[in-house]
Each structure stands twice: as structure tokens, then as C-alpha cells.
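Welcome, and thanks for taking a look at this model with me. Shall we walk through it in questions and answers?

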Amino acid sequence: MIHITMGACRPCPPGDPLNRSTYGFAPEMTPQEIYEANRGYYAIGSEAEKRERYAIFSGIGVDGERVVVLAVDIDKIVPVQVPGKASRKAIEGRILEAGHPVYDTYVGKPIEGARNPVVYLESSFDLGRCKCGCGEVSRSSFVPGHDQRALHERIAQIGTVADFIDWFDRTLNSGGETIGQHVDLRHGQPQASRNDQWDHDKYDWPNGLGLFLYDDGRIKVELKDGTVAVTDVSNYASGNSRRSAHVIAQFARA
Ligand SMILES: [Zn+2]
């Protein structure tokens, strides 16, 4: 968890990179005003950028005591161009309200200010499930090493690293997109792609079956290294729900 120690509200020098007029904290400020004036810019390390899920902001209240006055669910930490200062960043996120466990745990509670405006607090709220699906909890997206494991498990589903790269580039370059991702299909998920040169959409199944849907209404079926057995082609006259033509054909491998 990031803890931003805010000083008293002061005017920003002209040309502020975040277009602010003031920064720091005054007790009369609303949560939105505190957020806008203090979400950046700070030196936040790239490790912390990936790791931290929440930010709390503390300021000196009317009674002269430092308390947490704002809690934010971090959406992302974005770079800010600051002349003469390298890699400054700002927090973007959602301002939390009463009822959220992070708000209820921290906001309104006393906290010790830090010399550095940005410090990192250990907090159980920063723990999330490892994204590999192992079920372990982690402070970052993955338990160390599990990102590599998750990646290699996916490569192995395609084949070798070379197979994976071929498949990835082909899928990306064809604009191919997996459809019906959540349906349990026995013949696998077709990839859909568009070919403007030949005026068709195309669906490719993992077994080599391809279905071309031409813009003029024609349909073509291909099966790489196999025989296409078309069992039924039905034509329907317009306005008629009963088929008027019926073709059964088998095309042998050339
Ligand atoms: Zn894991």
C-alpha cells in the first residue's frame, strides 16, 4: 500500500505538469480535491507500480494530528513528464468511500507521517490471488516464478517456442480472434479473420477445416490434408421456411 504524506496546501509553480493550482492538504478540501491535488507527481519505482493496489493519503487535521484523509483503489500509475525530473508518476484510481474495507480500516485513523512523500506500507489488502490460477496469495500479480510457468504452460499447448511464435504472429497478423471462448467445443475454437483482398470472412478450425463466407453470399469449405464430406446443402427460397434444393456431395482429396 502506498502512503502519501501530504504537507499543508500550497500553490503550485506556474506550468504544473498536472495542471494543478495547489498541492498539499487543507481540512476543508473534499476527497476529490485532495485526490486531484495530490495524486502526483512522485518517484514511484516500477516494481511498486506493478505491486501496489491501494494508496492512502494523510494530512494534518484541524486538531493538529496527522490522520488518513483519503483512500484510493489504484487503477494504474501513469508517467508524468516533468522538466528536469526523470520518471515521475501519478496515481489514477477510484476514490473509496465508507463501507470499503480499506476506507474503513484507514480513513480517519491517526498515522505517522513520513519524511519521504511516498512510502510503502505492508498491508494484507495488497494481497491478491496469483494470476496463474494456483490459488496462492501474492503481493504482486504472480507468486515469483509463476508468471514464467504460466507462460510456458501456454506455449506447450501450442508446441515448441518456435511453434508458439508462428502461431502467435499468424493469429495477430490475420487479425484472428478466438470466438466462442467459453463454449466447450469438441472440435476446438475457430479463429475468425477478414480478407479484404478476396472479400471474405474466414473461420479456421484447429483440424484444418476452413469456412469462407464471401461478401456476395458464396460459401467455400476447405479441409487441409483431408476429404470434405458435405452431407447436406439446403437452399431456401425467400419467404419459404422449407428447403427447395438439396445437395449431398463428397469431394475426394485431389
Ligand atoms: Zn501461481
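Q: How many residues lie between S6 and S7 in their hairpin?
A: This is a predicted model. In it, strands S6 and S7 form a hairpin, and Gly-84 in the turn has a positive phi of about 80°. The number of residues between the two strands is two.

Q: How many bridges join S6 to S7?
A: The two strands of this hairpin run antiparallel. One pairing places Val-72 opposite Ile-95 in S7. The count of bridges joining S6 to S7 is nine.

Q: Which residue in S7 is the bridge partner of Tyr-42?
A: Strand S7 (residues 85-95) also pairs with strand S4 (residues 40-42), again antiparallel, through two bridges. The partner of Tyr-42 in S7 is Lys-89.

Q: Which residue is joined to Tyr-41 by a cis peptide bond?
A: Most peptide bonds are trans. Tyr-41 sits in strand S4, and the bond before Tyr-41 has an omega of about 0°. The residue on the other side of that cis bond is Gly-40.

Q: Is Ser-87 buried or exposed?
A: Ser-87 belongs to strand S7 and has a positive phi of about 40° although it is not a glycine. The relative accessibility of Ser-87 is 54% and the cut-off is over 50%, so Ser-87 counts as exposed.

Q: What is the relative accessibility of Asp-199?
A: Asp-199 is another residue with a positive phi, about 55°, although it is not a glycine. Asp-199 is found in the loop between strand S12 (191-195) and strand S13 (200-204). Asp-199 counts as partly exposed, with a relative accessibility of 40%.

Q: Which strand gives the largest share of the largest nonpolar core?
A: This core has 22 residues, and those with the most contacts inside it are Ile-2, Ile-4, Ile-44, Phe-57 and Ile-91. Strand S1 (2-5), helix H1 (31-38), strand S5 (54-60) and strand S6 (66-82) each supply at least two of its residues. With six residues, the largest share comes from S6.

Q: How many residues are in the second, separate core?
A: Members of this second core include Met-1, Val-68, Val-102 and Val-107. The number of residues in it is ten.

Q: What is the C-alpha separation of Lys-109 and Ser-58?
A: Lys-109 lies in the loop between helix H3 (101-106) and strand S8 (118-120), and counts as partly exposed at 38% relative accessibility. Leaving aside residues up to four places away in sequence, Lys-109 touches Val-67, Val-68 and Asp-104. Ser-58 is 51 residues from Lys-109 along the chain, and their C-alpha atoms are separated by 9.3 Å.

Q: What is the geometry of the zinc site?
A: The zinc ion is coordinated by Cys-130 (SG), Cys-132 (SG), Cys-134 (SG) and His-146 (ND1), at 2.0 to 2.4 Å. The angles among these four donor atoms are 103 to 115°, and four donors count as tetrahedral if all angles lie between 85 and 135 degrees. The site is therefore tetrahedral.

Q: How far apart in sequence are the parts that Cys-132 and His-146 tie together?
A: Cys-132 lies in the loop between strand S9 (128-129) and strand S10 (137-138), while His-146 is in helix H4 (residues 146-158). His-146 is buried, with a relative accessible area of 9%. The pair ties together parts whose separation in sequence is 14 residues.

How values were computed:
Residues are numbered from 1 along each chain as its sequence is written. This is a predicted model: local features need pLDDT of at least 70, side-chain atom pairs count only at pLDDT 80 or more; totals for chains, interfaces and linings use all residues. Side-chain values use heavy atoms; hydrogens and water are left out. Donors are N, O and S atoms within 2.8 Å of the metal (3.2 Å for Na, K and Ca); water is not among the atoms, so sites may look incomplete. Four donors count as tetrahedral if all angles lie between 85 and 135 degrees; four count as square planar and six as octahedral if opposite donors are over 155 degrees apart and all others between 65 and 115; anything else is irregular. Helices (H or I, at least four residues) and strands (E, at least two) are DSSP runs, numbered from the N terminus. Buried means under 20% relative accessible area, exposed over 50%, partly exposed in between (1.4 Å probe, protein chains only). Contact means heavy atoms within 4.5 Å. A nonpolar core is a set of buried Ala, Val, Leu, Ile, Met, Phe, Trp, Tyr and Cys residues joined through side-chain atoms within 4.5 Å. Two strands pair if DSSP finds at least two bridges between them.
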